[in-house]
Amino acid sequence: MEFFWHTTSRTLNERFPMSMLSDPLVDVTPRSATTLVEQFCVRIDQDLAALAECMRILRSRRNGLARISCLPPDILVTVFRHFESFENHISTSRHHGAPICLILTHVCKQWRQLALDCATLWTSISCVSPRWLGVILRRSKDAHLIATYHAPVSLRGCLEPVLSHLPRIKVLRICSISSDVDRIVELLSSQPAPSLQIFEFTVIGNVHHSLMPISDTIFQGQVPLLQSVEFVLCSLSWTWSIFGGLRSLSVRGTTGALPTLAQLLSTLRYLPHLEQLTLQSLSPTFGDIKLCNKVMLTRLKSIALDIGTAQTVISLFERLVLPAGVKVALYISQIESSQSFSDLFSAMDRASDGPSPVVQSLRAIRISNNGFVVQFNTSIVFKSHYHYSWNPADDDIPLSIQFTCNPLAHVQPTIVFELCRIVSQGRIHSMFLELLYDLSENFWRTGSAGLLDLQFIHLSRNSIRGLIDALSIDDIQASVMAYPSLRVLELEGIKFGDHEPEDLQHIIKQRAECGARIHGLRLTGCIKNLTADQVRLLEEAGVNVDWDGHKEETCADPGRHGYTPGRLF
């Protein structure tokens, strides 16, 4: 420390000696001779440069006293990696294509040297700016790369240089316009990819010509570590013996010929280690599958299918052998009746190598006049409100079905209860219903016949009149009480009709007198025809009322506020 201050003081004394005050140049003014003015300006510039150097030395010394400077290099590198991951997650566009870790090289000399020496900090390539590609590829040395390319960035200026390093790419995500697809497939087929683990290829925009199909020639047939593949609107040959080690396969639409069921089964036969399978917007043609042997997918954990009608799904399940407990998400079109589901679940049961999980709750949402989403849960409540999407990581939802009914078949909302009967054998304890519109008394009584153990009903944005009529008891109906085990009723976004709060109070008293007391009543966002006095009367009926006092529910779930869900996956 003494040496530092001594050195700094000496520098200052050298640049600013006290004798300088008596220097004749001190008296120089703008009116002085030009030569003298120029000499004095040179002296001043030299002194400013010396001051700047002193300031730099002082700042560097002060930064060196920060506690973070005590961290060993390996800990700092770990911090740098977390920083890079965080910044990548937030945004890559705000860095204008520059490597995120470039920020670290502008903090101090120690950080700069550490960042430049650590090749793994320079492995994330977002093909936004060709300017930085050479820098990243050079500084990453021989480390494995994570490369992302998105059109309309230059193919020649960005993607081609990256793919020249294909043997060391670990993660590759490509989003291309159709006119560049053939060239990209050629590049992907020019070298093996011995390090590749994740590969995603998406085609965007209109397709005006047939695309080169992705086949076993890609990566020269050498991709031993590949575990996850996603194709979106690609042309596929459906002969992928090179993908035998895959754990996850997702195919979302195709621009080529649709596969036959036989081709699809042949492809799956090469994927014995598959754990996640998603087939979306595919309607395979039937062809002859009678001679096809069953395909063993004994490691599968989740399967999501959007491949057309119920009969197509049934035909596929009849040729599969699946482990017990696999999570299933289905999108099915043109349901004619509940018999379609009976046949479907029979095929699923035959495909499963073990008992199905026990479900305890049901969620049903009407998304259009003829469209429904139905989910079954192994827990009594749903952890997530995001019912308009399906996440295979949700361990408590083993089955999600979105289906549209044939308009000419006049399928009634009671098909939800038929589905429930087939799947759960009446063991449902909780039921969540939303957007089913004006549900009649007959709807509720139909459901009650198969749900004698139901304890919890959540009703959202529906008319409550039919439920009130079904729950009421008179002398004739006393022996066939609807939902005899009901204990909690939760109403969300209900617009009470005239006299409905009073009618609800009446049935609560009736059921208590008959030994079927409702213990809890939750009212959320019920803002019409419901007053504090009416809530007080409900409490006097002997039920525990949880009321939000006319306040609209504030929920991050867009589905709660008029969002019509799209497809499950």
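Of the 569 residues in the protein chain, 46% are buried, and since the model on screen is a predicted one, the tour below describes computed geometry. With the whole chain displayed as a cartoon, you are looking at 15 helices and 20 strands. Among the contacts with a separation of 6 or more, 71% join residues 24 or more positions apart. Switching to a surface view shows an accessible area of about 28000 Å², with 54% of that area belonging to carbon and sulfur atoms.

Select residues 415-424 next, which form helix α11; eight of its ten residues are buried, so this helix is largely enclosed by the rest of the structure. The buried positions are I415, V416, F417, L419, C420, I422, V423 and S424. Extend the selection to Q425, which follows α11 and has a positive phi, near 55°.

For a view of the outside, select I68, L71, I75 and V79, which together make a nonpolar surface patch of about 270 Å². Within that group, L71 sits in the loop between α2 (34-64) and α3 (73-90), and its relative accessibility of 31% places L71 in the partly exposed class.

Stay with α2 and show the side chains of E53 and R56, which meet in a salt bridge at 2.8 Å, N to O. These two residues are three apart in helix α2, and therefore about one helical turn separates E53 from R56. Both ends of the pair are partly exposed, E53 at 37% relative accessibility and R56 at 44%.

Move now to helix α13 (residues 465-471), where R465 and D469 are four residues apart, or about one helical turn. Their side chains form a salt bridge of 3.1 Å, N to O, with R465 partly exposed at 27% and D469 partly exposed at 26%. Adding E500 and D503 to the selection completes a network of salt bridges that links these residues with R465 and D469.

From there, select helix α14 (residues 500-513) together with helix α15 (residues 532-540), whose axes come within 9 Å and cross at roughly 5°. An angle under 35 degrees counts as roughly parallel, so α14 is described as roughly parallel to α15. At the interface, P501, E502, L504, Q505 and I508 of α14 meet Q534, L537 and L538 of α15.

Finish inside α15 with R536 and D533, which lie three residues apart, about one turn of the helix. Their side chains meet in a salt bridge of 2.1 Å, N to O, and R536 is partly exposed at 41%, as is D533 at 48%. The structure holds 15 salt bridges, including this one.

Key
Residues are numbered from 1 along each chain as its sequence is written. This is a predicted model: local features need pLDDT of at least 70, side-chain atom pairs count only at pLDDT 80 or more; totals for chains, interfaces and linings use all residues. Side-chain values use heavy atoms; hydrogens and water are left out. Buried means under 20% relative accessible area, exposed over 50%, partly exposed in between (1.4 Å probe, protein chains only). Contact means heavy atoms within 4.5 Å. Accessible areas come from the Shrake-Rupley method with a 1.4 Å probe; for residues, only the protein chains shown count as cover. Patches are made of residues with over 30% relative accessible area and no salt bridge: like charges are joined within 9 Å, nonpolar side chains (Val, Leu, Ile, Met, Phe, Trp, Tyr) within 5 Å. A salt bridge is a side-chain nitrogen of Lys or Arg within 4 Å of a carboxyl oxygen of Asp or Glu. Axes are lines fitted to C-alpha atoms, for helices over the stretch in contact, and angles run from 0 to 180 degrees between N-to-C directions. Angles under 35 degrees count as roughly parallel, over 145 as roughly antiparallel, 65 to 115 as roughly perpendicular and the rest as oblique.
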